[in-house]
Amino acid sequence: MTAPVVLSASGLVKRYGRVTALDGADFELRAGEILAVIGDNGAGKSSLIKCLSGAIIADAGQMMLGGQPVHFKRPIDARHRGIETVYQDLAVAPGMTIAENLFLGRELRRPGWPGRLLRLLDKKEMLAQSVARMADLKVGIRSMTQAVETLSGGQRQCVAVARAAAFARHVVILDEPTAALGVKESDMVLALIRQVRDRGLSVVLISHNMPHVFGIADRIHVARLGRRAAVLDPRRISMSDTVAVMTGALSPCELPDDCLA
Ligand SMILES: Nc1ncnc2c1ncn2[C@@H]1O[C@H](COP(=O)(O)OP(=O)(O)OP(=O)(O)O)[C@@H](O)[C@H]1O
Ligand SMILES: [Mg+2]
């Protein structure tokens, strides 16, 4: 049985002056899946996810979340609807601890009137929740009071992903989360992404790394020239054919039907 569609878009158009970044792009994300978004430079991947995360507004087209039309005007609109995004230039504060980073911008206040009046932070509760959250996601970082600048690149990325997963109710969007990482560090982040999916969230993963895409994706959305060229099933298509579809060397019509997802 196919899982229900969580987030979708149809006919998205986005122009920057004379450049058409999105030229009628469609998109469909299902419940509990990892959907990889791949495409050559300039294919419109970032523009697509920026529309989905409210960072830019499309000139035309529709988006639906849980079957309802949505119109995001800014990122907070998408966040309020349960969509969290980790952008490529990581939004972690290096000088702050892991616990502080996890609650950055959404700090918990102490209960009761003194807490509300004086806006006192509930550090104990934030620390306890951080420990629980990271253990739940099986992230092996010992101390939540460690400053993020003392972490490895992979661990930092895990903090950013865990933060998004903690606040997302439906969708986590990740733009190149393993781009700057080594093999071991990438594996750590990929394992975390699987944990996030296995907890029932849907994940959109932009990546240029084909082995990562094939190692983790349930389906592959191929962006090309501002549109969706195809959605592929990584269990049924080879990496080289996938790259050929991405570059336009192979038309999706030439593929056997069972390669399409
Ligand atoms: N803010 C902007 N102003 C002008 N042109 C832009 C802007 N953002 C994107 N573009 C153009 O729109 C097209 C699609 O860009 P986009 O960033 O969506 O591609 P991408 O698939 O994410 O590429 P990459 O793999 O290089 O990140 C490109 O031609 C790009 O130059
Ligand atoms: Mg991009």
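Reader: What makes the pairing of Gly42 with ligand 1 a polar contact?

Author: This is a predicted model. In it, a backbone N or O atom of Gly42 lies 2.8 Å from an oxygen atom of ligand 1. The cut-off is 3.5 Å between N or O atoms, so the pair qualifies.

Reader: How do you know that Gly44 and His208 belong on that list too?

Author: By the cut-off of 3.5 Å again. For Gly44, a backbone N or O atom lies 3.0 Å from a ligand 1 oxygen. For His208, a polar side-chain atom lies 3.4 Å from an oxygen atom of ligand 1. Both pairs therefore count as polar contacts. As for cover, ligand 1 taken alone exposes 630 Å², and the protein buries 59% of that.

Reader: Which elements give two or more residues to the shell around ligand 1?

Author: Strand 2 (19-30) and helix 1 (45-52). Helix 1 gives the most, with three residues. The residues around the ligand include Tyr16, Asp40, Lys45 and Ser46.

Reader: Why are two residues of the shell called charged?

Author: Asp and Lys count as charged. The shell contains Asp40 and Lys45. The full division is four nonpolar, six polar and two charged.

Reader: Why is Arg119 called exposed?

Author: Its relative accessibility is 55%. Exposed means over 50%, so Arg119 passes. Arg119 sits in the loop between helix 4 (112-118) and helix 5.

Reader: What makes the phi of Arg119 worth a remark?

Author: Phi is near 50° there, a positive value in a residue other than glycine. Leu225 also has a positive phi, of about 50°, and is not a glycine. Leu225 is in the loop between strand 9 (219-224) and strand 10 (227-232).

Reader: Is Leu225 buried or exposed, and how do you know?

Author: Exposed. The value is 63% relative accessibility, and the cut-off is over 50%, so the label holds.

Reader: What makes a set of residues such as Ile98, Met134 and Leu174 a nonpolar core?

Author: Two conditions must hold: the residues are buried, under 20% relative accessible area, and their side-chain atoms join within 4.5 Å. The largest such core has 35 residues, and Ile98, Met134 and Leu174 are among those with the most contacts inside it. Helix 6 (153-167) is one of the elements that give two or more residues to this core. Helix 6 gives the most, with seven.

Reader: Which residues does Ile193 contact, beyond its neighbours within four places in sequence?

Author: Ile34, Leu174, Pro177, Val203, Leu205 and Ile216. Apart from the largest core lies another, of 25 residues, including Phe27 and Leu65.

How values were computed:
Residues are numbered from 1 along each chain as its sequence is written. Chains are lettered from A and ligands numbered from 1 in the order in which they are written. This is a predicted model: local features need pLDDT of at least 70, side-chain atom pairs count only at pLDDT 80 or more; totals for chains, interfaces and linings use all residues. Side-chain values use heavy atoms; hydrogens and water are left out. Buried means under 20% relative accessible area, exposed over 50%, partly exposed in between (1.4 Å probe, protein chains only). Helices (H or I, at least four residues) and strands (E, at least two) are DSSP runs, numbered from the N terminus. Contact means heavy atoms within 4.5 Å. A residue is near a molecule or strand if one of its heavy atoms lies within 4 Å of it. A polar contact is a pair of N or O atoms within 3.5 Å; within protein, one must be able to donate a hydrogen and the other to accept it, and residues adjacent in sequence count only if both atoms are side-chain atoms. Accessible areas come from the Shrake-Rupley method with a 1.4 Å probe; for residues, only the protein chains shown count as cover.
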